[in-house]
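Subject: The structure we talked about

Hi there,

Here is the structure for you to open on your side. Have a look at it first, and then read on for what turned up.

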Amino acid sequence: MSQAENSTLSTASSPIRMRVQGMDCAKDAAEIERAARSAGVATGDVKVSAATHVMTLRIAEGDLPKVRPALDATGYGFEKIEDGDTSSDPAYKNPSYRRALWIVVLLNLGYGVVEMFGGFLSGSQALKADALDFLGDGAITFLGLLAIGWSLTWRARSAMIQGVFLGLLGLGVVGSTLWRVLNQTTPEAGLMGAFAVGALIVNILAVLPLLKHRKGDANMRAVWLFSRNDAIGNLAVVIAAGLVAWLGSAWPDLIVAFAIAGLFLHSSWMIIRDARSDLAET
């Protein structure tokens with residue numbers, strides 16, 4: 001056990017806030033918090049918001065260099081917020097980078113609508129659940145573009161609205177999937193697989209505009225984490241389509257739909273929870 005793990009850093013009354021670059025969901029927030037605790041930060045002295053992507057450290061300024069190596073080892077980027085609560089991240093101020101992000105927004109939101117239509121057309125609940133992932137990614141990126149220069153309060157309010165909206169969508173898919181359990185019809189496996197393969201292609205197309213803007217480990221990590229996580233969901237739908245065709249049963253489609261929608265609802269709840277916490281602290 002390291003010395004940092006044997007001793008806990010003292011709590012400071014004035015918090016240090018840092019913008020986290022490259023995180024995608026609550027799982028990433030938990031990973032960063034674990035890294036800070038491994039460097040001696042007390043459990044209650046570190047919080048990473050899944051809503052605003054801001055880390056709050058209640059440690060002395062002089063102790064920050066002791067924590068930075070553990071944070072940097074996670075591969076995410078950490079930008080200290082010096083004045084006020086807005087970001088000075090130069091990447092978002094790059095017109096070319098902003099255009100690339102708009103392409104990502106349009107691809108994700110556009111195919112999210114297409115895949116949702118495909119879910120209704122093929123009778124696949126898994127496609128509808130996977131469409132939520134596209135809509136969620138597009139909404140998060142869209143909010144990031146709009147919120148450049150916004151205060152933490154307004155970013156938290158926007159994240160709260162987004163979390164509620166995405167949560168309602170997720171509940172709608174869960175409800176319709178439950179209805180399908182009681183009134184089962186076998187999805188059209190061919191259409192289901194075609195739309196799922198299309199989702200994989202769109203995910204690749206969404207990554208390409210960002211590749212030339214990767215700078216350092218954090219941005220590279222973000223690009224590949226996003227594409228990897230999305231591809232796992234798409235691949236699960238492709239496999240479900242194959243099992244539907246092989247078994248002639250709706251259950252593979254329903255199981256994947258519940259799994260994707262459940263993960264989506266968990267992320268939505270974490271955004272809402274952290275947004276409420278952020279608003280209470282501002």
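How far does helix α4 reach from its first C-alpha to its last, and what is expected at 1.5 Å a residue? Helix α4 covers residues 95-122, which is 28 residues, and it reaches 40 Å, close to the 40 Å expected. Please keep in mind that this is a predicted model. Right after α4 comes G123, with a positive phi near 75°.

Now the overall picture. The protein has nine helices and four strands. Starting at the N terminus, the order of the elements is α-β-α-β-β-α-β-α-α-α-α-α-α. Of the 282 residues, 50% are buried. The accessible surface is about 13,400 Å², and carbon and sulfur atoms make up 64% of that surface. Among contacts with a separation of 6 or more, 80% join residues that are 24 or more positions apart.

The UniProt record may be handy as you look around. Its unreviewed entry places the feature "transmembrane region" at residues 100-122, 134-152, 159-179, 191-211, 231-248 and 254-272. I can say how two of these spans look in the model. Residues 100-122 are 100% helix and 0% strand, with their end C-alpha atoms 32 Å apart. Residues 159-179 are likewise 100% helix and 0% strand, and there the end C-alpha atoms lie 30 Å apart.

Two residues are worth a click.

N108 sits in helix α4. Is N108 buried or exposed? Its relative accessible area is 4%, so N108 is buried, the cut-off being under 20%. Setting aside neighbours within four places in sequence, N108 is in contact with F134, L135, D137, G138 and A206.

D278 is the other one, and you will find it in helix α9, residues 251-281. Why does D278 count as buried? The reason is its relative accessibility of 10%, as buried means under 20%. Which residues does D278 touch, not counting those up to four places away in sequence? They are K47, S49, A51, T52 and A156. Of these, S49 makes a nice pair to display with D278: the two are 229 residues apart in sequence, yet their C-alpha atoms are 7.5 Å apart in space.

If you want a place to begin, try α4 with N108, and then go over to α9 with D278.

Best wishes, and happy browsing!

Definitions and conventions: Residues are numbered from 1 along each chain as its sequence is written. This is a predicted model: local features need pLDDT of at least 70, side-chain atom pairs count only at pLDDT 80 or more; totals for chains, interfaces and linings use all residues. Side-chain values use heavy atoms; hydrogens and water are left out. UniProt positions are given in the numbering used here, feature names are shortened, and annotations may be inferred rather than shown by experiment. Helices (H or I, at least four residues) and strands (E, at least two) are DSSP runs, numbered from the N terminus. The expected span of a helix is 1.5 Å times one less than its number of residues. Buried means under 20% relative accessible area, exposed over 50%, partly exposed in between (1.4 Å probe, protein chains only). Contact means heavy atoms within 4.5 Å. Accessible areas come from the Shrake-Rupley method with a 1.4 Å probe; for residues, only the protein chains shown count as cover.
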